[in-house]
Amino acid sequence: MDGYRAYVRAFQFCFNIGARCLPWRRAERVEGVGALNRVPALLQSLRVTKPLLVGSPSFVRTGIARSLCRSLDEISMPYAVYSGVRSDPTVSAVEALVSLYYAEGCDGIVAVGGGSPMDAAKAMAARLARPQRRVLALTGLLRVRRKTPPLIAVPTTAGTGSETTIAAVITDDTTHHKAAIMDLCLIPRYAVLDPSLCTGVPPEVTAMTGMDALTHAVEAYLCWTYNTKESLHCAEEAVRLIFQNLLHAYRNGDDLTARANMLEAAYLAGFAFTRAGVGYVHAIAHAVGGLYGVPHGMANAVLLPVVLEDYGAAVHKKLARLAAIAGVGCDLEEDAARAAALIAAIRDLNASMGIPDALDCIREADIPQMVRWALAEANPVYPVPVLYGTERCRAVIERVARRSER
């Protein structure tokens, strides 16, 4: 394990040097109630003449598609619509989007919805940039490296941060394995943050997506080497906003201020983890989601306090700082006590929103496969504060699966 640890840390050290030479950018934010109505002008600024509008079935059901199409009709801009993206978009769904894009003669993309429509649209953009490669051949780091069609992202949930990340997570139709395409060219040109689009989101979705954003911020903050002053600041601000607004948005879904603050938090957390990386919470959550269809935010929420506890003293100092930002454990003096207070606050937040403390779906027979997938995803790329091997990763998964039995 010592030799492997040296290899992983050496890889991350070298990758960090290379990453600082890359042209990082954020999606340009367009914010405020009614920001959706600015999409046609944004498309014109990008010289798009016929966009493909990508969404889930709720894109049509909630009336968002009708509103967007009406505004495009007002400037006589033709468009095509795909509203069939389901949770955890698959390779076949991406290929269906690519076929429609070509058939309709589109030259730009507007992705509207949660993480699934945005990820599907970004994966489509990768395929359009690399038409000779299969979707799965593009998974991993910097395998696109080509100009993609202009992409505008319009989140209707505050969680994934996909509106500003380099990643598109796609599921293999056959194996159900989740993998991410990660390339700077996949960062959308604009992120349209309209809080009025979030008011109809059910409380349970608000809870899961909010905890997804919190996981992004915390894991990015704890990363070993890739962080910058900007990413650290973004993670801190995201944690502050989430602790101040998530429970209120969960209980009062029509509160536009809380919704706007959560959209900002998700955006900031998305940038933070895009620049700094994530960790074993995400790696294990992707395995859980792929095998059992558990929503990603739910898996992250359950795993986050367990993994933070398992990291132990290696993260106490940073968690203590986040505790102060979140406004918990302020009367405590020791870093370990403040870290424990933050972890307890995360568990309390989960419980307040009806999120369980275990993933009862996990089958013992599947754990070896989950371990393999999680370690293959995380090592050596994720700059985790504590490096897991097979046994430690398995122990964490077993703890999450059995926590409610103890």
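Is Tyr102 buried, partly exposed or exposed? Tyr102 is partly exposed, with a relative accessible area of 48%. This report walks through a predicted model. It covers a sheet, some aromatic rings, the cysteines and a few backbone details.

## A sheet of three strands

Start with the sheet. It is open and holds 3 strands, in the order β5-β8-β7. The pairing is mixed. Strand β5 covers residues 140–141 and β7 covers 167–171. Both stand at the edges, and each has a single partner strand. One side of each is therefore left without a neighbour in the sheet.

Now look at the two pairings. Strands of a sheet pair through backbone hydrogen bonds, either parallel or antiparallel. Here β5 and β8 run parallel and are joined by 2 bridges. Strand β8 spans residues 178–182. One contact to find is Leu141, whose bridge partner in β8 is Met182. On the other side, β7 and β8 run antiparallel, with 5 bridges between them. There, Ala168 has Ile181 of β8 as its bridge partner.

## Inside strand β7

Strand β7 is mostly covered, with 5 of its 5 residues buried. In a regular strand the side chains alternate between the two faces of the sheet. In β7, Ala167, Val169 and Thr171 point one way. Ala168 and Ile170 point the other way. Residues in both groups are buried.

The hairpin of β7 and β8 has 6 residues between its strands. His176 lies in this loop. Its phi is positive, about 65°, although His176 is not a glycine. How covered is His176? His176 counts as partly exposed, at 39% relative accessibility.

## Aromatic pairs

How many aromatic pairs does a search of the whole structure find? It finds 6. A pair of aromatic rings is described by the distance of the centres and the angle of the planes. Take Tyr4 and Tyr7. Their ring centres are 5.9 Å apart and their planes meet at 40°, so the pair is tilted. Both tyrosines belong to helix α1, residues 2–19. They are 3 residues apart there, which separates them by about one helical turn. Tyr4 is partly exposed at 36% relative accessibility. Tyr7 is partly exposed too, at 45%.

Tyr101 and Tyr102 make an edge-to-face pair. Their centres are 6.4 Å apart, with 80° between the planes. Tyr101 is buried, with a relative accessible area of 6%, whereas Tyr102 is partly exposed at 48%. Elsewhere, Phe11, Phe15 and Tyr226 form one aromatic cluster.

## Charges over rings

Two arginines are worth finding in the view. The charged end of Arg9 sits over the ring of Trp224, 4.7 Å from the ring centre. The charged end of Arg26 sits over the ring of Phe271, also 4.7 Å from the centre.

## Cysteines without partners

How many disulfides does a search of the whole structure find? It finds 0. Cys106 is in no disulfide. The nearest cysteine sulfur to that of Cys106 belongs to Cys69, 12 Å away. The cut-off for a disulfide is 2.5 Å between the sulfur atoms. Cys106 is buried, with a relative accessible area of 9%.

Why does Cys361 have no bond to the closest cysteine sulfur? That sulfur, in Cys393, is 15 Å from the sulfur of Cys361, too far for a bond. Cys361 is partly exposed, with a relative accessible area of 29%.

## Backbone details in loops

Where is Pro380? Pro380 is in the loop between α14 (367–378) and α15 (390–402). The peptide bond from Asn379 to Pro380 is cis, and its omega is near 10°.

Arg145 is found in the loop between β5 and β6, where β6 covers 151–155. The phi of Arg145 is near 55°, a positive value in a residue other than glycine. Is Arg145 buried or exposed? Arg145 is exposed, with a relative accessible area of 53%.

Note on methods: Residues are numbered from 1 along each chain as its sequence is written. This is a predicted model: local features need pLDDT of at least 70, side-chain atom pairs count only at pLDDT 80 or more; totals for chains, interfaces and linings use all residues. Side-chain values use heavy atoms; hydrogens and water are left out. Two strands pair if DSSP finds at least two bridges between them. Helices (H or I, at least four residues) and strands (E, at least two) are DSSP runs, numbered from the N terminus. Buried means under 20% relative accessible area, exposed over 50%, partly exposed in between (1.4 Å probe, protein chains only). Rings of Phe, Tyr and Trp (its six-membered ring) pair if their centres lie within 6.5 Å; planes under 30 degrees apart count as stacked, over 60 as edge-to-face and the rest as tilted. A charge sits over a ring if NZ of Lys or CZ of Arg is within 6 Å of the ring centre and within 35 degrees of the ring normal.
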